[in-house]
Amino acid sequence: MTSIGTISGASARAAGLPLLSTKLYLPAPRATTVARRRLIARVLEGLSTRLTLFAAPAGFGKSTLLAQALGEARRLPDAPRIGWVALDGGDNDPTRFWSYACAALERASPGLGAQPLALLRAAPAEHQAALAELLNALAAHPEPVVLAFDDYHAIVNPAIHSAVAALLAHAPPQLHLLIAGRTEPPLPLARWRVSGELVEIRAADLRFTAAEALEFLAGTMGLRLDAEHVALLEARTEGWAAGLQLAALSLQGQADARGFIDSFSGSHRHIVDYLTEEVLARQPEHIRTFLLETSILGRMCGPLCDAVVGLAAADERPAPAAGAAADSYSRLVLDELERQNLFLIPLDDQRGWYRYHHLFADLLRHRLGHEQPALVAELHRRAARWFERQGAVAEAMGHALAAGESELATRLLAAHAGRLAANGEMQTLQRWLDALPREQMLANPRLCLAQVQVLLFERQVAVLEPYIQAAEAALAGAAEPDAVALRGELLSQRAHIAIECGAFADALALARQAQAMLPDSEHWARSTNGLMLGYALMVLGHTAEAATVHAENIRRSRAAGNALSALFSATEVVKLAMLQGRLGEARASAEQALSWVAAEGWEQLAPASALHIWLGNALLEQGDLAAAGEQLAHAIRLSGQRPTITAARSHAFLARLRQLEGDTAAANVALAEVDRICQGWQPGGERAFFEAYSARVRVMQGDMPAARRWAGQRAPWSPSESPSYFREIELLTLARVALIAEAEPDDAAVAEQLAWLREHAQAGGRTAVVIEALALEALAHRRHSPALAHQRLDAALALAAPEGMVGVFAELGPPIGGMLAQSQARRAPDDPLRPYLARLLSVVARAPKSAPEQGAPQARAALPGAEALTEREAEVLRLFAAGLTSAEIARHFVVSINTVKTQLKSIYGKLGAHSRAEAVARARELGIMERGGE
C-alpha cells in the first residue's frame, strides 16, 4: 500500500510482506549540518575500492556522514548510482534482506534489480540464484554503483553475512559496498584490508575536532559560545556527536554555560542520562509526553502518532498519501521537533514519515518504562491496531507481540502465514510462530499448517505428525467458510509427507482427495498439490494421466506465480514424453518450456536446471552427444553445490554421456558427485534411481564387480509385485547386470522378468521401457532361441526408429551390436530400417568396449618414488602446468571446485609435493609429463 510507504509492483511482490519505501530513502543532510570535508574526502576516495566500513557506537554520526558523502558523490562527474537500505531486526530473513537490496538497486537504476527481484518473487528460497543474477546485472551495468547498508549491526543471521561476503568476493569493479553499524561485521575484513580493498572509518575518526564542534554548536544548534567553552565541551564529550547535540540542547537558555559544562563528566552513558534529563525537563509538558509515548515506534507519521497518544478516533485515520502533509496535532508536533533539531530524522522527501535517532529513542523508551510501565503495553496495542488497519503486517505483529496481545498476533499470523510460507520467508514465519503461546498455535489450523510447511521446507519429516494431528483436531468441528479449503491443504501436505516417505500409493490417494476438495480460487494450493498428484501418478505408472495433470498444472502454476511447481511440472511433461518414447515431443516440450521460463524471468532458478537435464537426456538418447553435454553442463552450473535431486540427476546423466564418449575417468568423477549428493538420503525412491543408474554406467565400463555388488543388495523380482517408476529402472538394470556381467546368466528367469516388465509398460504407455525391455529380451533369448531373439529385436527397432533412438542400444554395446549387424545383413536393400540400423551400428562401433574388470579406474604404471597417478589426476596436473586455475579446471571437467581441490590434494600426496610448481617439477622429473609444457 503506497499510503503507508510501501513499494508497489514487482518489488512488493518479491516478498511475502510489503517492502517499505521509507527504508530505501537516503537521508538528505540538513543545510546547517557540519560538512566534514576530511571524512567525506576519504569516503569518496574509497569508492574505487571494494568496501567502506563505518563502525562506531551509537551517536557518532555514522548515518549523517554517510548521507553527506553520498550526496557529494552524486555531484561527481562520474557520479555512481546509489542504493540505500536502512536495516532493522526484521531483515534477518534472507529473502527479505535480498529483496530490499535488490529493490534499492532497482530504485538507484531502473532495470538493475528487476530480474533478481523477479527471481526472489518466483522462488524466494533460491537466494543463490538471485545473487548470481544480481552479480550478472551489476557486471553488465555501464556505470558505477554504490549499495549502502545502514544499521548493519541489526543483521545476526550467518547466512546473510556469508552471502554478503560472496557478493563482495565476486562483485564486478563497478560495485562499491558501504556498510555502517555499531559493531564490526563478521566479514573477511582482514583479507580486503591486506589487499587494499577496504576503507575503514571508526569512532576515533568520527569524533568532532574543536573546529568542527565550534561549527556544529554555532551553525547547527545556534549557540554562541567562546572558544574556551567549546574546547571544554568538546573535551567533556570527547567529540561525540550525540553528546554535543544533547549538551547544546541543554545549554539553550542557560545563563552559566561554564558551570553547566563543568557539572557533567564520566562515561558516555552517564553523559547521556544526565543530558537527556536536562533536555526532557526543558520541554513543555505536552512535548515531553509526546516524545515518551511515541518512543515505542520505529517509524512514525502524524495519524499513527495521533492513534498512539490516544486522540479520539485517531486510529481510524489512514497514513499520509505520497506528497500529502495534512495537519493534525501530531503532525504539528513533529514539525516543531524537526525545527528544534530534536533528534528527528525524516524518512521520505515529503516529510510524511520520521524516526527518532536510535540512541535518543532508546533513552526515551527507558524513561517511559521507568515512569509509566503500565502504559507501555497499551501504547503498543494502539500501534498494532493502527498498523493492522493499514495492512502493515510486520509492524502490526511486532507491536502486538510487544503488547502481549497474543490473540491479535495469532489472528494476524493466521491471516498471513500462508503468504509468508509461499514466499519463502520461513525464518520470519518460524520466529513469529515461536513467539506465540504454544496452545494458541496448536488450536489454530492455519498456524499448524504453516508450521508443517516450514518443517517440510527443512525436510524435518519425523517431527511433523503432532502439528498435522493438531490441525485435524482443530478442523474436526470447524465451521468457518474456508474450512473445506484448509482440509484440502491438510490432505495435500499429507500427500507431500507420503512422497517424502516413499508411500506413493498413499500419496496418490491423498492428493486426489485434496484436489477434489480445494476450491478453484485456491490457485497456489491447487498448483502445489497438482505437482504432488502428477508426481505420484508418474511413479505409480499412470503415464498418460500424469502427463495431463502436469500440463494443466503448468498453466495453473504460472498463473499463481508458483515457479517451483511450474518448473517441475514442465520437467515432468518432458520426462513423461521420453517415457512414452516420444523423443521429438520431449525436445519440443523442453524448448517451449525454456522459452516461457525465460519470459517469466525464471531461467536462473536452480529448478530450471531440470529442464536442461531432461533436454540433454533427450539429445543424448538421439545421439547428439555434443549438444547433450552443453545442456548438462548448463544444468550443473544452475544446480550449484546443493545436494538436490536435480544436481544428482545432472551428474548421473553426465556420467552416462562421458562413458558413451569413452572417457571413463570423467564418468567416474561424475559418479562420485552423485554418491556425494545422495549421502544421507533415505533408501528407495530417488536414491534407488541414482544407485541403479550408477550400476548401469559400471556395466558400460566393464566394472562388473561393482555392478554385481549393487545387484546383490536389491530385492529379487516377484511376479506378484506392483510396478513403479523406481522399481522399473531397478529391474531393467538388474537384467542388464545378469545378461552382461554374469558369466552364466539364467536367461529364462531374466526373460520372464523382462516380459512382465514389458507387459506392464505397454499397459501404461511407457514405450521407452518397452523398447529397452525388448532389446534386453533379445539378449536373453540369443543363446537358446535366436529366432525369438530377433523377433524381440525387430519389435524394439520398429518402435525406436521413428524417434531416432540410439542411446539404449549404444549402452548395450557389443552384445547387441552383433545382433544389429545380423539384422542389417538379412534385410532387403530397400528396407526402410536399413538407414536407422546403419546409424546404430556406427554408434555401437564407437562405443567403448565393455569387458569384465576393464572399467575400473585406470592408473599409470607405478613410478619410482611416487604412487601411481590416475589418468584424471595426470590430466588435472597437465592443466595446472598449462596455467589453468582450479575454477577453470572445474569448468573444463564440469565438476565442483571442491572435486578439483580433492584431486590436487591427492596429487600432492602421491608426488610428495607442497605446491603446484613443486608437483609439476616432480612429475616432469618422474617422466609423467614432458618438459616444456603440455
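## Exercises on burial, cores and aromatic contacts

R656 has 4% relative accessibility and therefore counts as buried (buried means under 20% relative accessible area, exposed over 50%, partly exposed in between, with a 1.4 Å probe and protein chains only). The model is predicted, so local features need pLDDT of at least 70 and side-chain atom pairs pLDDT 80 or more, while totals for chains, interfaces and linings use all residues. Residues are numbered from 1 along each chain as its sequence is written, and side-chain values use heavy atoms, with hydrogens and water left out.

**Exercise 1.** Determine which helix holds R656 and which side chain it joins by a polar contact.

*Solution.*
1. R656 belongs to helix α34, residues 645-660 (helices are DSSP runs of H or I with at least four residues, numbered from the N terminus).
2. The side chains of R656 and N617 are joined by a polar contact of 3.1 Å (a pair of N or O atoms within 3.5 Å; within protein, one must be able to donate a hydrogen and the other to accept it, and residues adjacent in sequence count only if both atoms are side-chain atoms).
3. Beyond neighbours within four places in sequence, the contacts of R656 include L620, E621, Y693 and E811 (contact means heavy atoms within 4.5 Å).

**Exercise 2.** Establish how F689 and Y693 are arranged.

*Solution.*
1. Both residues lie in helix α36 (residues 685-701), 4 residues apart, about one turn of the helix.
2. F689 and Y693 are both buried.
3. Their ring centres are 5.6 Å apart and their planes stand at 25°, so the pair is stacked (rings of Phe, Tyr and Trp, the last by its six-membered ring, pair if their centres lie within 6.5 Å; planes under 30 degrees apart count as stacked, over 60 as edge-to-face and the rest as tilted).
4. F689 and Y693 belong to one aromatic cluster, whose members also include W614 and F653.
5. The charged end of R649 sits over the ring of F689, 4.9 Å from its centre (NZ of Lys or CZ of Arg within 6 Å of the ring centre and within 35 degrees of the ring normal).

**Exercise 3.** Check the span of helix α40 against its expected value.

*Solution.*
1. Helix α40 (residues 767-781) has 15 residues, which should span 21 Å at 1.5 Å a residue (the expected span is 1.5 Å times one less than the number of residues).
2. The end C-alpha atoms of α40 are 21 Å apart, which agrees.
3. Of its 15 residues, 14 are buried, so α40 is largely enclosed by the rest of the structure.

Note on methods: Helix = DSSP H or I, 4+ residues; strand = E, 2+ residues; numbered from the N terminus.
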